[in-house]
Amino acid sequence: MNLNPSPFYMIKSGEKTIELRLNDEKRRLLNVGDEIEFINTEDDKQKLLTEIVAMHHFKSFEVLYKNLPLLKCGYTQEDIANAKASDMDIYYSKEKQSKYGVLGIEIKVINE
């Protein structure tokens, strides 16, 4: 999976342990124990190998944001007060969110 530099480095440091995604056809194939390789979108030589430790399924980001610890989802102490589910609308349309549902993919880094 491709990741922008900021979330890539947050995962690498262990600060971010839950990746938020649409539960589309590709993500429906994922299971606990599977490995995901994340690739930095600005430097495709930078890769992180992770293992899925839990899958959190929700019908919307609104529900996800009420149920998962947002500090583990890529927010920092500085921006957590302004965190809102609509932040994800820039990545996924409301129509796609309604069609597929959403996921919090909980991961741990196994190899840098």
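A residue counts as buried when its relative accessible area is under 20%. The exercises below apply this cut-off and others to a predicted model.

**Exercise 1. Determine whether Thr50 is buried or exposed, and state which residues surround it.**

Solution. Begin with location: Thr50 belongs to strand S4. Next, compare its accessibility with the cut-off: the relative value is 0%, and Thr50 is therefore buried. Finally, list the contacts, setting aside neighbours within four places in sequence: Thr50 touches Ile11, Asp34, Glu35, Ile36, Phe38, Ile107, Lys108, Val109 and Ile110.

**Exercise 2. Establish the strand order of the sheet and identify which strands stand at its edges.**

Solution. The sheet is open and mixed in its pairing, with five strands in the order S1-S3-S4-S5-S2. Strand S1 (2-3) and strand S2 (18-22) each have a single partner strand, so they are the edges, and one side of each has no neighbour in the sheet. Helix H1 (residues 5-13) packs on this sheet, where it touches S1, S2, strand S3 (35-40), S4 and S5. The direction of H1 makes about 75° with that of S4. Within the sheet, strand S4 (residues 43-58) runs antiparallel to strand S5 (residues 102-111), and nine bridges join the two. One of the residues to examine is Phe58, whose bridge partner in S5 is Val102.

**Exercise 3. Describe the largest nonpolar core and state which elements give two or more residues to it.**

Solution. In soluble globular proteins, nonpolar side chains tend to be buried together. Here the largest core has 16 residues, and those touching the most other members are Leu20, Phe61, Leu64, Tyr65, Leu68, Cys73 and Met88. Two or more residues come from each of S2 and helix H2 (61-67). Leu68 may be taken as an example: apart from neighbours within four places in sequence, Leu68 contacts Ile18, His56, Phe58, Cys73 and Gly104. A second, separate core contains 12 residues, including Phe8, Ile52, Leu103 and Ile107.

**Exercise 4. Classify the ring pairs Phe61 and Tyr92, and Tyr65 and Tyr75.**

Solution. The model holds three aromatic pairs. Planes under 30 degrees apart count as stacked, and over 60 as edge-to-face.

- For Phe61 and Tyr92, the centres are 6.1 Å apart and the planes lie at 15°, so this pair is stacked. Phe61 is in helix H2 and Tyr92 in the loop between H2 and helix H3 (94-100), 31 residues apart.
- For Tyr65 and Tyr75, the centres are 5.9 Å apart and the planes lie at 80°, so this pair is edge-to-face. Tyr65 in helix H2 is thereby tied to Tyr75 in the loop between H2 and H3, 10 residues apart in sequence.

Conventions
Residues are numbered from 1 along each chain as its sequence is written. This is a predicted model: local features need pLDDT of at least 70, side-chain atom pairs count only at pLDDT 80 or more; totals for chains, interfaces and linings use all residues. Side-chain values use heavy atoms; hydrogens and water are left out. Two strands pair if DSSP finds at least two bridges between them. Helices (H or I, at least four residues) and strands (E, at least two) are DSSP runs, numbered from the N terminus. Contact means heavy atoms within 4.5 Å. Axes are lines fitted to C-alpha atoms, for helices over the stretch in contact, and angles run from 0 to 180 degrees between N-to-C directions. Buried means under 20% relative accessible area, exposed over 50%, partly exposed in between (1.4 Å probe, protein chains only). A nonpolar core is a set of buried Ala, Val, Leu, Ile, Met, Phe, Trp, Tyr and Cys residues joined through side-chain atoms within 4.5 Å. Rings of Phe, Tyr and Trp (its six-membered ring) pair if their centres lie within 6.5 Å; planes under 30 degrees apart count as stacked, over 60 as edge-to-face and the rest as tilted.
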